[in-house]
Amino acid sequence: MRRPEKQDAQSLWKLVCADETLDRNSCYLYLLQTTEFSDSCVVAELGGEIVGCATGFRPPKRPRSLFVWQILVAPNARGKKLAKRMLSYLVRHGGGVQFVEATITPSNAASRGLFASLASQLGAAIEYSPCFEASDFGASGHEAEELVRVGPISPKE
Ligand SMILES: CC(C)(COP(=O)(O)OP(=O)(O)OC[C@H]1O[C@@H](n2cnc3c(N)ncnc32)[C@H](O)[C@@H]1OP(=O)(O)O)[C@@H](O)C(=O)NCCC(=O)NCCS
């Protein structure tokens with residue numbers, strides 16, 4: 001586990017583009033995340049290869065929260081607790097993260113399982129609330145996104 005650097009942006013972009021679940025963004029976004037937002041991002045390496053990433057930011061309106069933008073583990077590295085370890089890393093090295101937030105589509109069982117497991121590990125509550133309706137995405141056919149919020153997280157964690 002380590003913070004990403006600018007040289008990792010293309011690897012992150014390719015990892016996300018190869019996944020069918022996540023929204024695609026431009027390489028430019030990953031350049032920003034690995035430079036301006038690197039303090040709220042993490043990559044997981046196995047054998048010198050990046051096999052997972054969690055990108056996030058601290059919402060200016062809720063500075064005690066860490067908002068996870070995207071989290072992804074390569075298919076051949078799933079089921080090894082890498083995603084949960086990346087979120088734990090972000091909490092541990094976040095300098096006072098009290099809540100972990102993300103938006104999740106109702107059909108993403110893996111993501112729901114992941115955040116439930118994180119809440120349980122941290123001994124924290126988990127709450128879901130409506131965030132973006134399908135109609136907010138226009139005619140793109142995108143599913144609704146619910147806001148998931150884990151916390152408050154005890155400082156000792
Ligand atoms: C979601 C994802 C990141 C999980 O990665 P992972 O490294 O395999 O997850 P972990 O091994 O850390 O598992 C953490 C918890 O999530 C649960 N989980 C993982 N995959 C699951 C699935 N398909 N269904 C239900 N629960 C699941 C695990 O059971 C585990 O809980 P436990 O610790 O209580 O046993 C991975 O499946 C992925 O990259 N999916 C595609 C991208 C995506 O949907 N990202 C999330 C939206 S941004």
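Visitor: To get my bearings, in which helix does L31 lie?

Guide: Welcome! Please keep in mind that this is a predicted model. L31 belongs to helix α2, which covers residues 27-33.

Visitor: Is L31 buried, exposed or partly exposed?

Guide: The general idea is to look at relative accessible area, where under 20% means buried, over 50% means exposed, and anything in between is partly exposed. L31 has 33% relative accessibility, so the residue counts as partly exposed.

Visitor: How do I read distance along the chain against distance in space?

Guide: Take two pairs in turn. L31 and G48 are 17 residues apart in sequence, and their C-alpha atoms are 20 Å apart. For P130 and E145, 15 residues apart along the chain, the C-alpha separation is 7.1 Å.

Visitor: Where does P130 lie, and is P130 buried or exposed?

Guide: P130 is part of strand β5, residues 126-132. With a relative accessible area of 68%, P130 is exposed.

Visitor: Now the cysteines. How many disulfides are there?

Guide: The idea is to look for two cysteine sulfur atoms within 2.5 Å of each other. By that rule, the count here is zero. C41 is in no disulfide, and its nearest cysteine sulfur, belonging to C53, is 8.3 Å away. C131 is in none either, with the sulfur of C41 as its nearest, 19 Å away.

Visitor: Are C41 and C131 buried, exposed or partly exposed?

Guide: C41 has a relative accessible area of 1%, so this cysteine is buried. C131, at 30% relative accessibility, counts as partly exposed.

Visitor: Let's turn to the ligand. Where does the ligand sit?

Guide: You will find the ligand in the largest pocket. The elements that each give two or more residues to the surrounding shell are β3 (65-73), α3 (82-92) and α4 (109-122).

Visitor: Which element supplies the largest share of that shell?

Guide: That is α4, with six residues.

Visitor: Which residues come nearest to the ligand?

Guide: There are 20 residues around the ligand, and the nearest are I71, G79, K81, K84 and N108.

Visitor: How do I read the polar contacts there?

Guide: Look for pairs of N or O atoms within 3.5 Å, and note whether the protein atom is from the backbone or a side chain. I71 uses a backbone N or O atom, 2.7 Å from a nitrogen atom of the ligand. G79 also offers a backbone N or O atom, here 2.8 Å from a ligand oxygen. With S117, a polar side-chain atom lies 2.8 Å from an oxygen atom of the ligand.

Visitor: How much of the ligand's accessible area does the protein cover?

Guide: On its own the ligand has 930 Å² of accessible area, and the protein covers 73% of that.

Visitor: K81 was on your list of nearest residues. What is its phi?

Guide: Phi of K81 is near 70 degrees, which is a positive value in a residue other than glycine. You can find K81 in the loop between β3 and α3. At 56% relative accessibility, K81 counts as exposed; that value takes only protein chains into account.

Visitor: One last backbone feature: which residues are joined by a cis peptide bond?

Guide: The angle to check is omega. The bond between G151 and P152 is cis, with omega about 0 degrees. To locate P152, go to the segment after β6 (145-150).

Key
Residues are numbered from 1 along each chain as its sequence is written. This is a predicted model: local features need pLDDT of at least 70, side-chain atom pairs count only at pLDDT 80 or more; totals for chains, interfaces and linings use all residues. Side-chain values use heavy atoms; hydrogens and water are left out. Buried means under 20% relative accessible area, exposed over 50%, partly exposed in between (1.4 Å probe, protein chains only). A residue is near a molecule or strand if one of its heavy atoms lies within 4 Å of it. A polar contact is a pair of N or O atoms within 3.5 Å; within protein, one must be able to donate a hydrogen and the other to accept it, and residues adjacent in sequence count only if both atoms are side-chain atoms. Accessible areas come from the Shrake-Rupley method with a 1.4 Å probe; for residues, only the protein chains shown count as cover. On a 1 Å grid over the protein atoms alone, a cavity is a set of points where a 1.4 Å probe fits but cannot get out, and a pocket is an open set with protein on both sides within 12 Å along at least five of seven lines; lining residues have an atom within 4 Å of a point. A molecule sits in a cavity or pocket if more than half of its atoms lie within 2 Å of its grid points. Helices (H or I, at least four residues) and strands (E, at least two) are DSSP runs, numbered from the N terminus.
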